[in-house]
Amino acid sequence: MIGLALQGGGARGAYQVGAYYAFLESHLKFDAVAGTSIGAFNGALIACGKEKELLDFWTSVSIGELLGFDKEYVRKKIAKEYDFTYLKLSLKNMFAVLKSKGIKIDGLEKVLNDYLDEEKLLKSKMDFGICTVRLNDLKPLYIFKKDMAKSKIKDYILASCYLPIFHLEKKVDDHYYLDGGFYDNTPINMLIERGCKKVYVVELNPLLNISKKPSKPIEIIRITPKRSLGGVLIYDSKSLIENIKMGYYDALRVVKKLDGEYYCFKRRPNFYYNFLIRKVRLKELKHLKGFFHAKTNKELIIRALEYWMKNENVDYYQVYSPYKIIKEIKKAKENKNFVDKFLTQLKFL
């Protein structure tokens, strides 16, 4: 069995949608998906085969309006118009949240009502589970769909997403619940106990991750953001779409075993890069390997290529041929630094 674990992380969850589309393109099928917080929401729609609706949600949603914030406040925040009106609107929203004792979850409930099909989820061959935390005794709750009453599925998902900033409501069994990320932000062990021998994990914030160690030695394949996904609350759709693209190419790099760290390169063997570098002096190679912290010639060339591509603002979202990029560098009229000069020394013939 193959499982998919989706980490919590607020609006960064758009990244997981891109990753899932890379899995689909690679014909990777999952037997079970388990998620915490936004990973629970994404996982529910994935499990019932609503990946198109999930993509539609993340490319059109206004996170600020979803949480009930004033439209003009959201517009000004996106545009970075930090004027007196913005300050007034900020205070207005803050007092509204204080008055209601937290952000109301009406918007989140509406999204689940609009997008989730409980019947389809229960009938799906893909299992689905969530992690949440009961507030009164801080006891974790791991639960799969077979143990959820149909009428309570949305409540379980909301319970997994329940941050302290939300207005508290008793959602399941007359208890208050907290976001599952406070106990286990990456519910891998749920999938292990379910019988999965291989688990793909789509992380959103690996540096600040409260997760339990795997209970058994299984194969775990991690999809990790190579660049910042931004904050938990992302107000502009442009950033969300950027994160979807990043998730797609980060996952594609792992699943198809492409070369590269930040960019995607067609896979080439070590001897290909050893051949390219044969005319470069050993002293220069030693200096460059130290600069890029590279152990092999392949690592050195790829990191040097990525260094040049970042400086030239080359689009991240393609699969590149090393040959074509090196040819492009050689065409440049001037070599700006020692990295550029090194790359022009690479020889194909």
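What share of the contacts in the protein chain between residues at least 6 apart in sequence join residues at least 24 apart? The share is 70%, and it is worth keeping in mind while moving through this model, which is a predicted one.

**The whole chain**

Begin with the protein chain displayed as a C-alpha trace, which spans about 70 × 55 × 35 Å along its principal axes. Switching to a cartoon brings up the secondary structure, which comes to 16 helices and nine strands. If you colour by accessibility, buried residues make up 49% of the 349 residues, while a surface representation corresponds to an accessible area of about 17800 Å², with 54% of that area belonging to carbon and sulfur atoms. Colouring by charge picks out 62 positive and 41 negative side chains, and the centres of these two sets lie 7 Å apart.

**Helix α2**

Next, select residues 38-47, which form helix α2. Ten of the ten residues here are buried, so the helix is largely enclosed by the rest of the structure. Among the buried residues of α2 are Ile38, Phe41, Asn42, Leu45 and Ile46, together with the glycines Gly39 and Gly43. Just after α2, stop at Gly49, where the backbone takes a positive phi of about 70 degrees.

**Phe57 in helix α3**

Move on to helix α3, residues 51-60, and select Phe57 within this helix. Why does Phe57 count as buried? Its relative accessible area is 5%, and the cut-off for burial is under 20%. Leaving aside residues up to four places away in sequence, Phe57 touches Phe41, Leu66, Val111 and Tyr115; Phe41 is one of the buried residues of α2 visited above. The C-alpha atoms of Phe57 and Tyr115 are separated by 8.5 Å, although the two residues are 58 apart along the chain.

**Lys77 in helix α5**

Now select Lys77, which lies in helix α5, residues 71-79. With a relative accessibility of 24%, Lys77 counts as partly exposed. Showing its surroundings, and again not counting residues up to four places away in sequence, you will find that Lys77 touches Tyr82, Tyr86 and Tyr235. A distance drawn from Lys77 to Asp259, 182 residues further along the chain, gives a C-alpha separation of 38 Å.

**Aromatic rings**

For the next stop, display the aromatic side chains, since a search of the whole structure finds 19 aromatic pairs. One of them joins Tyr272 and Tyr273 in an edge-to-face arrangement, with 5.2 Å from centre to centre and 85 degrees between the planes. Tyr272 and Tyr273 are both buried. Another pair, formed by Tyr316 and Tyr317, is tilted, with 6.3 Å between centres and 50 degrees between planes. Is Tyr317 buried or exposed? Tyr317 counts as buried, because its relative accessibility is 11%. Extending the selection to Tyr248, Tyr249, Tyr263 and Tyr320, along with Tyr316 and Tyr317, shows one aromatic cluster formed by these residues.

**Charges over rings**

Finish with two places where a positive side chain meets an aromatic face. Select Arg278 and Phe275 to see the charged end of the arginine sitting over the phenylalanine ring, 3.8 Å from the ring centre. Then select Lys310 and Tyr262, where the lysine lies over the face of the tyrosine, at 3.5 Å from the centre of the ring.

Methods:
Residues are numbered from 1 along each chain as its sequence is written. This is a predicted model: local features need pLDDT of at least 70, side-chain atom pairs count only at pLDDT 80 or more; totals for chains, interfaces and linings use all residues. Side-chain values use heavy atoms; hydrogens and water are left out. Helices (H or I, at least four residues) and strands (E, at least two) are DSSP runs, numbered from the N terminus. Buried means under 20% relative accessible area, exposed over 50%, partly exposed in between (1.4 Å probe, protein chains only). Contact means heavy atoms within 4.5 Å. Accessible areas come from the Shrake-Rupley method with a 1.4 Å probe; for residues, only the protein chains shown count as cover. Lys and Arg count as positive and Asp and Glu as negative; His and the chain ends are not counted. The place of a charge is taken as NZ of Lys, CZ of Arg, CG of Asp or CD of Glu. Rings of Phe, Tyr and Trp (its six-membered ring) pair if their centres lie within 6.5 Å; planes under 30 degrees apart count as stacked, over 60 as edge-to-face and the rest as tilted. A charge sits over a ring if NZ of Lys or CZ of Arg is within 6 Å of the ring centre and within 35 degrees of the ring normal.
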